[in-house]
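Reader: I'd like a close look at one part of this model, namely the packing of its nonpolar interior. Please start there and work outwards to whatever surrounds it.

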Amino acid sequence: MVNPGKDQHMSPTSPPGTAQDTAGIHLAVGDRAPEQPRSAGAAMATENLHVYYGDFLAVRDVDLQFDDRRITALIGPSGCGKSTVLRCLNRMNDLVPGARVEGRVTYHGTDIYGPGVDEIEVRRRIGMVFQKPNPFPKSIYDNVAYGPRVTGAKDHLDDTVEQALRGAALWDEVKDKLKQNAYGLSGGQQQRLCIARAIATRPDVLLMDEPCSALDPIATSKIEDLMGELVQDFTIVIVTHNMQQAARVSHSTAFFTAQPDEHGDRVGTLVEFDRTLKIFEDPADKRTEDYISGKFG
Amino acid sequence: MTATDTARTTPARALTPDRRRRDVASTVFVSVLWACLLVAALFLFYVLITIVVSGVSRLDANLITQAPSTIRPATAGVQPAIVGTLLVVGVTALIALPLGIAAAIYLEEYADPRRWFNRAIELNVQNLAAVPSIIFGILVLAFVVRAPLNFGAVALSGSIALALLILPVVIIATRESLRAVPREIRDGSLAVGATRWQTVWRQLLPAAVPGIATGSILALSRAVGEAAPLILVGATTFITFTPDGLFSRYTVMPVQIFNFALQSREAFIPLTYAAILLLIVILLALNGTAIVLRNRFARRW
């Protein structure tokens, strides 16, 4: 599989982060990110990425590297194209009529827009969590089991579901009501259920599109803690409006903004991409500095 | 406290102006609305009461067990028309529902709206829903009853005419139910690596079933009450036997009622009203089922 170390890590005997998350609210987020061990180079990268919606250029010339088992944050004001870039990474933009991608998006060196690449296979390896928790109108169990079922991995389904729920720090809260409808969960629980659903297919990369913007601070803090656990097994790319969140959880940060082009159309542009610490303490670009210091955006 | 109250007396007075003129206007308006409602309701009740009063004497077992007869109208019934309606509308459902639901899935989930032929299909479907029903009768008469298919004036021809008639309604109802499923559900399904087909089959259709069922039942109840297209494709015959298959001669309830109404003898009058009452009961039962389905299973996202 893509991630040999994960099976062992997600075994029921060593639930990642569960004890800590359920014992109380872990508020001491912060410098957890720099402690992360090992990075085996880039899991994904974009080269000269341009994204069009019809004739409209939405994002231009993005070069990014997403290090393996690191958290990369994409930040910037509304309309800067950060979500567009994120949705290119697992070809979710294919679903938008008229969307077109130029340049390369590589996954371990393979262009995911290259000939012969199956977008379904891409999405099985590169999972996604959305802005608004979007559980299916099914039971908690069926939500998590959905991915394995559609991908044909139906063996040991109970174990897979349990591991995914433990991995998303939700198992202890839902283990007695797996058959209940997921809509009965709180917003934060629903979002962790969506994370469990995303990791149940054992992807390699996890894309998160503003995963906390619909949640209260306590639920947000739980998700942030969870990301610190998940990054041991997954490469995470997170889009966030919340600069503090980017500073707390990510290793690298890419700052985007919308620049008017020669016709006056606002085009999403990558301004600066560096280690998070550098971006927040010593940004190279004036626009980055203005944004993170609250002068605009 | 007192000081504050005094200071605020003047603005507070603005909240209690002379309301009489406004009150008169709204009373008049509400009265007009009530009057309109009353006219519609009174007319409906008048019709219903007339039917019940005139038909109740023939609301007996003979009505549903006996065949129509020109010789003994006092004991005649509409049994062949009941069976004919069930047969024709049942086959209509078998034809129209799979076709309509499949067409709606294509238009809603697969068709690229920027392609001209998809837009043309869409426009046509919407226009077909507004085509007078007798046109479908003429169409089926020309192509199904006669050459090239040459089925003759049989139950299957009637089913085809009704299926064509309700197809646009089924398509539109299904598309609306599919569209009501939020995009987040599609995204969530596709993002875990489900194919489009898996997403349709496992997420969208189950979520849309209540809406599809409601729309389909309403469409079928329209088919039950339809007479015009069937008159053209063979339901006119005054038959006295139960249809025994798709290629049997047939009649249906509305056409049977029409036939009874043409009879000149006194004894046919209560029989006609009783048959109308039976048809209304069938339609109310169908519509009631649709309402129950919608209220019980409709999902609020």
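Author: Below I go from the core to the chain around it, and then on to the partner chain.

First, some ground rules: this is a predicted model, where local features need pLDDT of at least 70, side-chain atom pairs count only at pLDDT 80 or more, and totals for chains, interfaces and linings use all residues. Residues are numbered from 1 along each chain as its sequence is written, chains are lettered from A and ligands numbered from 1 in the order in which they are written, and side-chain values use heavy atoms, with hydrogens and water left out.

The largest nonpolar core holds 50 residues, and V78(B), I166(B), L230(B), V233(B) and Y250(B) have the most contacts inside it. At least two residues apiece come from α5 (79–110), α7 (133–145), α8 (155–180), α10 (196–224), α12 (253–262) and α13 (268–297) of chain B. The top contributor is α8(B), which puts in eleven residues. A second core, separate from that one, has 46 residues, including A145(A), L170(A), A196(A) and A200(A). By nonpolar core I mean a set of buried Ala, Val, Leu, Ile, Met, Phe, Trp, Tyr and Cys residues joined through side-chain atoms within 4.5 Å. Buried is under 20% relative accessible area, exposed is over 50%, and partly exposed is in between (1.4 Å probe, protein chains only). Helices (H or I, at least four residues) and strands (E, at least two) are DSSP runs, numbered from the N terminus.

Now zoom in on V78(B). Leaving out residues up to four places away in sequence, V78(B) touches L63(B), Q66(B), M253(B), Q256(B), F260(B), A275(B) and L278(B). Touching, or contact, means heavy atoms within 4.5 Å.

I51(B) is another good spot to park the camera. I51(B) sits in helix α3 (residues 20–55) of chain B, and it's buried, at 7% relative accessible area. With the same sequence neighbours (up to four places away) left out, I51(B) touches V56(B), Y273(B), I276(B), L277(B) and I280(B). I51(B) and P270(B) are 219 residues apart in sequence, yet 8.9 Å apart in space, C-alpha to C-alpha.

Stepping back, chain B has 13 helices and zero strands. Of its 301 residues, 40% count as buried. Among chain B contacts with a separation of 6 or more, 71% are between residues 24 or more positions apart. Chain B exposes about 16,800 Å², with carbon and sulfur atoms supplying 68% of it; that's Shrake-Rupley area with a 1.4 Å probe, and for residues only the protein chains shown count as cover.

An unreviewed UniProt entry puts "transmembrane region" on residues 28–53, 81–107, 128–145, 151–173, 227–247 and 267–293 of chain B. Those positions are given in the numbering used here, feature names are shortened, and annotations may be inferred rather than shown by experiment. In the model, residues 151–173 of chain B are 83% helix and 0% strand, with the end C-alpha atoms 30 Å apart. Residues 267–293 of chain B come out at 96% helix and 0% strand, with the end C-alpha atoms 40 Å apart.

There's charge in chain B too: E108(B), E122(B), R175(B) and R179(B) are linked in a network of salt bridges. A salt bridge here is a side-chain nitrogen of Lys or Arg within 4 Å of a carboxyl oxygen of Asp or Glu. Over all chains the count is 21.

Then there's the partner. Chain A has twelve helices and ten strands, and 57% of its 297 residues count as buried. Contact between the two chains takes 26 residues from chain A and 19 residues from chain B. It buries about 1,900 Å², 58% of it from carbon and sulfur atoms. On the chain A side, P137(A), Y146(A) and V150(A) lose the most area to chain B, together 25% of what that side buries. Buried area is the accessible area (1.4 Å probe) that two parts lose on being put together, summed over both. One salt bridge is counted between chain A and chain B: D187(B) pairs with R87(A), with the closest N and O atoms 3.8 Å apart.
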